[in-house]
Amino acid sequence: MEKSEKGNGVAPATRSPMALMGSSRNENQEVNTGMRTAETMLRLVPMALGVAALVVMLKNSQSNDFGSVSYSDLGAFRYLVHANGICAGYSLLSAIIAAVPRPSTMPRAWTFFLLDQILTYIILGAAAVSTEVLYLANKGDSAITWSAACGTFAGFCHKATIAVVITFVAVICYAVLSLVSSYRLFTKFDAPVNYPSKTIEATVFHG
């Protein structure tokens with residue numbers, strides 16, 4: 001009876017399916033942790049920007065020989081303050097929720113998607129309206145005999161411009177967040193399906 005001789009070479013060790021599953025699971029956890037950290041930081045950035053714009057505008061007032069002016073005298077700037085406050089609060093709350101390691105569910109994904117969209121339009125509207133007021137304050141409007149005010153209250157206009165620029169940077173951050181939340185929603189979950197309504201079939205009686 002002949003015995004087959006094996007070479008001295010060592011055969012490569014094969015990994016069991018359980019080991020492969022564990023390795024891929026660890027890699028997925030690392031990727032999810034990195035994405036969660038990145039999203040948390042991205043949500044904290046507009047919070048800092050909103051607080052900065054809010055503080056600059058709240059302290060924006062000027063008095064001179066021609067009179068006094070404050071942000072509270074203009075509805076657009078009051079809206080800017082309120083919008084930045086709301087967005088800063090939402091950014092902090094959403095960052096805390098995003099930092100908690102939880103499985104992604106459809107209700108959570110839809111909530112982030114809708115709120116990100118709403119807050120983006122709120123802060124964009126505040127920045128746009130305030131920009132229009134700043135334009136009128138710098139250029140005036142001869143049609144309604146509105147003279148330029150920034151020549152008289154240059155310091156007030158300068159601070160208002162800084163607050164508006166910061167707000168527009170926050171708008172960019174919210175636009176990116178909206179893209180992230182929409183991508184996460186529509187790549188992981190199917191869109192709602194509209195089922196066709198049941199049609200009532202009429203019975204035809206033949207005479």
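This section walks through the fold, the salt bridges, the disulfide and a surface patch of a predicted model.

The overall architecture is a convenient place to begin. The protein chain contains four helices and two strands, and these elements come in the order α-β-β-α-α-α along the sequence. Of the 207 residues in the protein chain, 29% are buried. The accessible surface amounts to about 14,200 Å², with 64% of that area belonging to carbon and sulfur atoms. Contacts across the sequence were also counted: among those between residues at least 6 apart in sequence, 79% join residues at least 24 apart.

The database record can be set beside the model. An unreviewed UniProt entry carries the annotation "transmembrane region" for residues 41-59, 79-100, 112-137 and 160-180. Two of these spans are described here in terms of the model's geometry. Residues 79-100 are 95% helix and 0% strand, and the C-alpha atoms at the two ends of this span lie 32 Å apart. Residues 112-137 are 100% helix and 0% strand, with 37 Å between the end C-alpha atoms.

The charged side chains offer a good deal to look at. The structure holds three salt bridges, and Glu39, Arg43, Asp116 and Arg184 are linked through them in a network. It is helpful to follow this network one pair at a time. Within helix 1, which spans residues 17-58, arginine 43 and glutamate 39 sit four residues apart, about one turn of the helix. Their salt bridge has its closest N and O atoms 3.1 Å apart. Arginine 43 counts as buried because its relative accessible area is 1%, and glutamate 39 is likewise buried, at 8%.

Glutamate 39 has a second partner in arginine 184, and here the closest N and O atoms are 2.5 Å apart. This pair links distant parts of the chain, since arginine 184 belongs to helix 4 (residues 154-188) and glutamate 39 to helix 1, with their positions 145 residues apart in sequence. With a relative accessible area of 23%, arginine 184 is partly exposed.

Arginine 43, in turn, also pairs with aspartate 116, the closest N and O atoms being 2.9 Å apart. Because aspartate 116 lies in helix 3 and arginine 43 in helix 1, this salt bridge ties together parts that are 73 residues apart in sequence. Aspartate 116 is buried, with a relative accessible area of 0%.

Attention now turns to the cysteines. One disulfide is present in the structure, and it joins cysteine 150 to cysteine 157 with an S to S distance of 2.0 Å. A disulfide is a covalent bond between the sulfur atoms of two cysteines. The torsion about the S-S bond of cysteine 150 and cysteine 157 is about -90°, so the disulfide is left-handed. Both partners are buried: cysteine 150 has a relative accessible area of 9%, and cysteine 157 has one of 7%. Cysteine 87 is buried as well, with a relative accessible area of 2%, and cysteine 173 is also in the buried class, at 12%.

Finally, the surface deserves a look. Leu114, Leu115 and Ile118 make a nonpolar surface patch of about 240 Å². Leucine 115, one of the patch residues, is located in helix 3, which covers residues 106-139. Its relative accessible area is 33%, so leucine 115 is classed as partly exposed. Helix 3 also holds aspartate 116, which is buried at a relative accessible area of 0%.

How values were computed
Residues numbered from 1 in each chain as written. Predicted model: local features only at pLDDT ≥ 70, side-chain atom pairs only at ≥ 80, totals over all residues. Heavy atoms only, no water. Patch = residues over 30% accessible without salt bridge, like charges linked within 9 Å, V, L, I, M, F, W, Y side chains within 5 Å. Areas by Shrake-Rupley, 256 points an atom, 1.4 Å probe, with all protein chains shown as cover. Salt bridge = Lys/Arg side-chain N within 4 Å of Asp/Glu carboxyl O. Buried < 20%, exposed > 50% of the residue type's maximum accessible area, 1.4 Å probe, protein only. Contact = heavy atoms within 4.5 Å. UniProt positions renumbered as here; feature names shortened; annotations may be inferred. Disulfide = S-S within 2.5 Å.
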